[in-house]
Amino acid sequence: METHVNAQPWRRYVYVLLLLFVGLKTPSAVIHYSIPEEMEEGSLVANLAADLGLDVKTLSTRKMRLDTIASKKYLDINKETGELYILQQIDREYICNSKTTCFLRLDASIENPIRMFNIEIEITDINDNAPHFRRDRMHLDISESTLPGERFSLNNALDSDIGSNSVNTYYLSENDHFTIEIQTGRDGSKFADLILTKALDREELAVHNLILTAVDGGIPARSGTASIIVSVLDINDNAPQFDQGSYTVNVTENTPIGSLVIKLNATDLDEGLNSEVTYSFSLYTSEKTQETFSLNPSNGEIRVKETINYEDFRMYDMEIIAKDKGTNSLSGRCKLTILITDVNDNHPEIAIKSFQSPVKENIPEGTVIAVLSVSDKDSGENGEVDVNIADKLPFSLKQSSDNYYELVVSEPLDREKIPEYEITFTVTDRGSPLLSDNETITLELLDVNDNIPQFPQSFYTIPVLENNAPGALLSSLTALDPDLHENQYLVYFIIEKEITNMSMSMLFSINPENGNLYALKTFDYEMEKEFFFHVEARDSGIPPLSSNATVHIIIMDQNDNTPLIVSPWRAHGTVVEEKIPRSTDKGTLIAKVIAIDMDSAQNSRVTYQFLQNTDATLFTLDQYNGEIRTLRMFSYRDARHQRLVVIAKDNGEPALSATVTIKLSTVETALKAYSDMSEVPLEYDIFSDLNLYLVIGLGSVSFLLLITILVTIVLKCQKPKPSKAAPTCRNSVISERNSTIADSTLVSNDAYWYSLFLAETRKGKLVVRQPVPKGTRYIVSSIPRSSGLTETSNSAASTLQVRFTNNFRLTRLLDVGDQ
C-alpha cells in the first residue's frame, strides 16, 4: 500500500513527547504525540518505527499493525516507512464534546517476537467554530409604563471551542433606549443583560429591533448574531367598539349549515392583550337563537348552526359582547336582528288513504279505485298544489274535497291487453322553483271469462293417406284463450254427427287436453273420399265459452289396387284362346285388352304394352286403349299359332300391373269378322233355353235391386239432415258385392268416352259402345260363366254390368252365346 505523506507546515504543530523509560523493550512503554484537530488526510504525525527503534525493513514481515480503541480508525501506519499518518480528519468537538482535554489511545503490535506499544495522541483545539445563539430571535414584551434601568436577561451564545477560542464578549446594535451589560459565570462563560436606558412610548414606536453579536477570542476571531424584538405593551385604557350599535340581516331559510351570516368587528385602540377582542352572546340572547347560530369568539363571525325553517321562526334577536383580554378587561356591545326570508323549500306530500287491488277486469266505469290526500307546508303559491297522473291511462282524478282526490275508472279495462297498471301520482306546487313529489301504486287486474277460445283458422283441410294405421295422429287442432287459470283451460271434443249409420266418434278421436286429432280406423279411398265434421274448444270458466272449427278430412289415394283385366274374358287362368282367319286384312282389330284400376288419378291411368310377341311385325298394340291390330296380312310363312302376352300397368308409384296371354290360331275358313263398334248385335234365337234362363235371372236381380233402392230411400228419410260442413258427394258410388259374382267389383272415375268390348262364346259375338259422361264414376262387375245367375250347363255366359250415378240410366250389357 502506497502512502502519501503530506509534508505541510502541520509538522511544525506536531510536538512529539517521547517518554522513554529505561529499556525500550519494556511492554508498558507509552509514546505521546500531540496534533491539532482537522488535519488533512495523509498528513504525517511521526515516524513511529524510528521512535520505537524498529527496523523499517522488518515491519512487513513482522506484521506490524495499529489497533484503535475508538469506533473509528483515524490513523494508520505505513508498513514500508514506519510513519504514522492521518487516515481520516479528526474533529475534537465530535470526539471529546465539551472536555477541556482530548486524547486518542492506540495500541501497536508486532510479531517475531511479539511486542505491544501504547500510543497516546493529544488532540489540540483550533478556532474552527463560530459562536451561535440557541435562538436566532428573542422576543421581549415591555410595558410602556416600565421605568428606565430595568434589566432583562438575554440568551447567551455558545461556542464548541475551548479556552480563548470560546465566547469572549458581546456587542449591541446602536439604539436610543437599550444597552447591554456583560456578565461572567462561575465556569467562565460570558452572557449579557439588556438594560432599559430610556422610557418607552408605544404610540411613538411599538416595536424595537435590536441585534446582539457574540465574538470569540480566537485568531482570527469568529462571531454570531441574534435578533432581539422588543414589543412595547400598552396599558389597557381603551374599550372595544363595534362599527355599528345595531345590525339587521336577512337570511334565506334552508341556508346551508356553516354559511356566514355576518362578521362583526370591534376595534380596541390598545395593543397586545388589551387590544385582543373576544366575542360572546349576552345573557339576553335566547337559547334557541344560540342553538340556531354560532358565534366565533375570535373573529366575530356568525354562521348558521342548524337548519333554518321559516315556518318555525321568522326572526331572531341577539346581543353580542366584545371584550378585550386586558388585566382589567373592558367590553362593548351591539344588537343583531336576523330576519328569515321564506323560500319554496317544502316538497308537496301525497298520501294514499285507500286503495283497492286487485280488481276484476270488468269493473264498471266510474268505480273508485283509490283515495289520496295532498299537502304542502309552504304558504301562498308555494303551498298550492296540483295533482295529475300519466296520460293514456284508463283512469281519471276527481277532487272530492279540499286536498282529497279520488282515482276512478274512466275506460273499460282489459286484462288480456294490460294485466296490471303502474299508476304514478305526481303532485307539484306553484312556487318558484317548482317542487314536486310522486307516489306509485300497482293495480292488478283479475281475469274474468270474457274471451272465447279461438282456433287459428276456422276451416282445417287435413289430407290423410289411405291405408293409414289406426290411432295415427292426423293433426293438432289447438285453440288459444287469452284468459287465465280455469278460464284458460280448454277441453276439445268432436261435435257428434252420423254418416251412413256410423258415428264420427267411431272414426276419429280428439285428445280433450291438447286437441290432437287421431284416426280410429284405416281408411280406404275407394270406399270413403272425405269427411266433414266440427271440433269444439270449450274453456272451464263460468259460464263456459266455446268456439268450433270445421274439419275437412280428405282421403288421399294410394296406389294399392292392381289393374284388373276385364276383357278379353278368361274362363280359366290368364290364357285366352282365339281363332282368326288367315285372310284377315291389315289393320284389322284382333282383340281389345281392357283393364280397370280402382285407384284414382294417375294411379288409375292404365297403359298397355307387349311383354311377348311371337312376331313383332305382325301385330301392334295401342298403349292407351289396348287394341291389338294387324300390321299386315298373314302369309304362308307365318306360324299358325301366335302367342301374345300383354301387360296392363298403372301410373302409380310404385306401378302395379296385370298380364293376360292371348293365343291366336289362324284358320283357313272365314270366320265372322268383328263388327264395327257402332253395329247392332248379330241376330240369334231369343227363345233359346239359355236366353230364357238369363231373362228369368235378370228379372230376379232387377226385383232385388228395386227392393234395395226402396229400403235405402226409407233409411235416408229417417236420418237427420247432414251437416253443411260435410255435404254428401253427388259423385259417390257404393260398390256392391254379390255372392253370385265370382270376380271383384271395380271402381274408376276416368272422364272420357270409355269403350267396352266383349268378345265371348263360340257362335256369336256382341259389341257394345256406351258413352260415359265426364266426371262420372262407374262400377264394372264381371260375372264368370259359372255364375249362379243362370243354370245353363256347359254353356258360358259373361255379364259386364255398369251402373252410373248422377241420375244416369242403368245399362246392362249381356253377351249370350248360342244355345
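**Exercise 1. The setting of Phe-293**

In which strand is the place of Phe-293? Determine also whether Phe-293 is buried or exposed, and state which residues are in contact with Phe-293.

*Solution.* The structure is a predicted model.

Step 1. Phe-293 belongs to strand 23, which covers residues 293-295.

Step 2. The relative accessible area of Phe-293 is 0%. Buried means under 20%, so Phe-293 is buried.

Step 3. With neighbours within four places in sequence set aside, the contacts of Phe-293 include Val-261, Phe-281, Ile-302, Val-304, Ile-308, Tyr-316, Met-318 and Ile-338. Arg-303 and Lys-305 are also in contact with Phe-293.

Step 4. A C-alpha separation can be added to this picture: Phe-293 and Gly-258 are 35 residues apart along the chain, and their C-alpha atoms are separated by 9.1 Å.

**Exercise 2. Salt bridges and the parts they join**

How many salt bridges does the structure hold? For the pairs Lys-325 with Glu-276, Glu-319 with Arg-333 and Arg-415 with Glu-416, give the N to O distance and the accessibility of each partner.

*Solution.* Side chains of opposite charge can pair when their charged atoms come close.

Step 1. The total is 19 salt bridges.

Step 2. Lys-325 and Glu-276 form a salt bridge through their side chains, at 3.4 Å from N to O. Lys-325 sits in the loop between strand 25 (315-324) and strand 26 (331-341), and Glu-276 in the loop between strand 21 (266-267) and strand 22 (277-281), so this pair ties together parts that are 49 residues apart in sequence. Lys-325 is partly exposed at 41% relative accessibility, and Glu-276 is partly exposed at 36%.

Step 3. The salt bridge between the side chains of Glu-319 and Arg-333 has an N to O distance of 3.4 Å. This pair links distant parts of the chain, with Glu-319 in strand 25 and Arg-333 in strand 26, 14 residues apart. Glu-319 is buried, at 13% relative accessible area, whereas Arg-333 is partly exposed, at 48%.

Step 4. In the salt bridge of Arg-415 with Glu-416, the closest N and O atoms are 3.1 Å apart. Arg-415 is buried, at 6% relative accessible area, while Glu-416 is partly exposed, at 21%.

Step 5. A network of salt bridges links Arg-151, Glu-181 and Asp-193.

**Exercise 3. The largest nonpolar core and a sheet that contributes to it**

How many residues has the largest nonpolar core, and which helix and strands each supply at least two of them? Describe the open sheet of 3 strands.

*Solution.*

Step 1. The largest nonpolar core has 29 residues, and Tyr-33, Leu-48, Leu-75, Leu-84 and Ile-121 have the most contacts inside it.

Step 2. At least two residues of this core come from each of strand 2 (30-36), strand 3 (44-47), helix 1 (48-52), strand 5 (75-77), strand 6 (83-86), strand 7 (103-110) and strand 8 (115-124).

Step 3. Beyond four places in sequence, Ile-121 is in contact with Tyr-33, Ile-35, Leu-75, Leu-84, Cys-102, Phe-103, Leu-104 and Leu-106.

Step 4. A second, separate core has 26 residues, including Leu-507, Phe-523, Ala-537 and Ile-553.

Step 5. The open sheet has the order 3-6-5 with antiparallel pairing. Strand 3 and strand 5 are its edge strands, each pairing on one side only. On average, neighbouring strands of this sheet are turned by 20° against each other, direction ignored.

Step 6. Strand 5 and strand 6 are joined by 3 bridges and run antiparallel. Asp-76 stands opposite Tyr-85 in strand 6.

**Exercise 4. The pairings of strand 43**

How many bridges join strand 43 to strand 35 and to strand 42, and is each pairing parallel or antiparallel?

*Solution.*

Step 1. Strand 35 (residues 459-465) and strand 43 (residues 546-556) run parallel, joined by 7 bridges. Val-464 has Ile-555 of strand 43 as its bridge partner.

Step 2. Strand 42 (residues 530-539) and strand 43 run antiparallel, joined by 9 bridges. Phe-532 stands opposite His-552 in strand 43.

Step 3. Strand 42 and strand 43 form a hairpin, with 6 residues between them.

**Exercise 5. Confidence of the model**

What is the average pLDDT of the protein chain, and over which residues does pLDDT stay under 50?

*Solution.*

Step 1. The average pLDDT is 77, and 79% of the residues score at least 70.

Step 2. Over residues 670-688, pLDDT stays under 50, and the model has 24 contacts beyond four places in sequence for them.

Step 3. Over residues 720-819, pLDDT likewise stays under 50, with 205 such contacts in the model.

Note on methods: Residues numbered from 1 in each chain as written. Predicted model: local features only at pLDDT ≥ 70, side-chain atom pairs only at ≥ 80, totals over all residues. Heavy atoms only, no water. Salt bridge = Lys/Arg side-chain N within 4 Å of Asp/Glu carboxyl O. Helix = DSSP H or I, 4+ residues; strand = E, 2+ residues; numbered from the N terminus. Buried < 20%, exposed > 50% of the residue type's maximum accessible area, 1.4 Å probe, protein only. Core = buried A, V, L, I, M, F, W, Y, C linked by side-chain atoms within 4.5 Å. Contact = heavy atoms within 4.5 Å. Pairing = 2+ DSSP bridges. Axes fitted to C-alpha atoms, helices over the stretch in contact; angles between N-to-C directions. pLDDT = per-residue confidence, 0-100.
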